[in-house]
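Visitor: I have a new model open and would like some help reading it. Could you take me through its features one at a time?

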Amino acid sequence: AEAQALLQTAYSAQTVSRQAEDRAENVAVVKAMYGGYFKGVPEENGAPGLGVLLLSTGARYAGQLRGGRYDGAGGLETSDKSRYLGQFSQGEYHGVGRLWMAGGGEYLGR
């Protein structure tokens, strides 16, 4: 049952990530942030932002943002091509998620 709940949370993060990609595609505004670029809908009135953040390191994040950081559900691909789908808090992996490591390993959990 717990494994099913973990998979469901990762799936929800994937859905939010896709929504962020779609939202960013339809928005013309691109803002420089933290040495990278954000395209999407900025946070407003306490609601999280939703879009794609491209960092100068080569990392790419699609999902919810608060205060310019990953916060909420989303997906991150790092410059080494590791991928994470799941929950974030204040720019860090937090909660349930699924990680695919560049070397081929995979982790699902908290």
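Guide: We will go through the fold, the confidence, the cores, a few residues and a pocket. Keep in mind throughout that this is a predicted model.

Visitor: Let's start with the fold. How many helices and strands are there in the protein chain?

Guide: A good first step is to list the elements and then their order. The protein chain has one helix and eight strands. Read from the N terminus, the order is α-β-β-β-β-β-β-β-β.

Visitor: Where in the protein chain is confidence lowest, and where is it highest?

Guide: It helps to look at the average, and then at the elements. The mean pLDDT of the protein chain is 81, and 79% of the residues score at least 70. Strand 1 (residues 30-33) has the lowest confidence, with a mean of 58, while strand 6 has the highest, at 93.

Visitor: Now the interior. Which residues make up the largest nonpolar core?

Guide: Here one looks for buried nonpolar residues joined through their side chains. Overall, 35% of the 110 residues in the protein chain are buried. The largest nonpolar core has ten residues, namely Phe-38, Leu-53, Ala-59, Tyr-61, Leu-65, Tyr-70, Leu-76, Tyr-84, Phe-88 and Leu-99. At least two residues of this core come from each of strand 4, strand 5 and strand 6. There is also a second, separate core of seven residues, with Ala-13, Val-16, Ala-20 and Ala-73 among them.

Visitor: What does Leu-65 touch, beyond residues up to four places away in sequence?

Guide: With those neighbours set aside, Leu-65 touches Phe-38, Glu-43, Pro-48, Gly-49, Gly-51, Leu-53, Tyr-70 and Asp-71.

Visitor: Asp-71 caught my eye in that list. Is Asp-71 buried or exposed?

Guide: The value to compare is relative accessible area. Asp-71 has 17%, under the 20% cut-off, so it counts as buried. Asp-71 belongs to strand 5, and its contacts beyond four places in sequence include Tyr-61, Arg-66 and Phe-88.

Visitor: And what about Gly-72, how does 21% relative accessibility count?

Guide: Gly-72 is also found in strand 5, but its 21% makes it partly exposed, because the buried class ends at 20%. Outside its neighbours within four places, Gly-72 is in contact with Gln-64, Gly-86, Gln-87 and Phe-88. Leu-50, 22 residues away in sequence, is 9.8 Å from Gly-72, C-alpha to C-alpha.

Visitor: Let's turn to the backbone. Which residue in the loop between strand 5 and strand 6 should I look at?

Guide: Try checking the phi angles of residues that are not glycine. In that loop lies Lys-81, which has a positive phi of about 75°. Lys-81 is exposed, at 55% relative accessibility. Another case is Gln-90, in the loop between strand 6 and strand 7 (92-100). Gln-90 has a positive phi of about 50° and is exposed as well, with a relative accessible area of 53%.

Visitor: Last, the pocket. How much space lies in the largest pocket?

Guide: For a pocket, look at the volume and then the lining. The largest pocket holds about 240 Å³. It is lined by 14 residues, of which Ser-17, Glu-21, Gly-75, Glu-77 and Leu-85 are the closest to its centre.

Visitor: Which element gives the largest share of that lining?

Guide: Helix 1 does, with four residues. By type, the lining has six nonpolar, three polar and five charged residues.

Conventions: Residues numbered from 1 in each chain as written. Predicted model: local features only at pLDDT ≥ 70, side-chain atom pairs only at ≥ 80, totals over all residues. Heavy atoms only, no water. 1 Å grid on protein atoms, 1.4 Å probe; cavity = no way out; pocket = protein on both sides within 12 Å on 5 of 7 lines; lining within 4 Å. Points joined across faces, edges and corners; volume = space filled by probe spheres on them. Nonpolar A, V, L, I, M, F, W, Y, C, P; charged D, E, K, R; others polar. pLDDT = per-residue confidence, 0-100. Core = buried A, V, L, I, M, F, W, Y, C linked by side-chain atoms within 4.5 Å. Buried < 20%, exposed > 50% of the residue type's maximum accessible area, 1.4 Å probe, protein only. Contact = heavy atoms within 4.5 Å.
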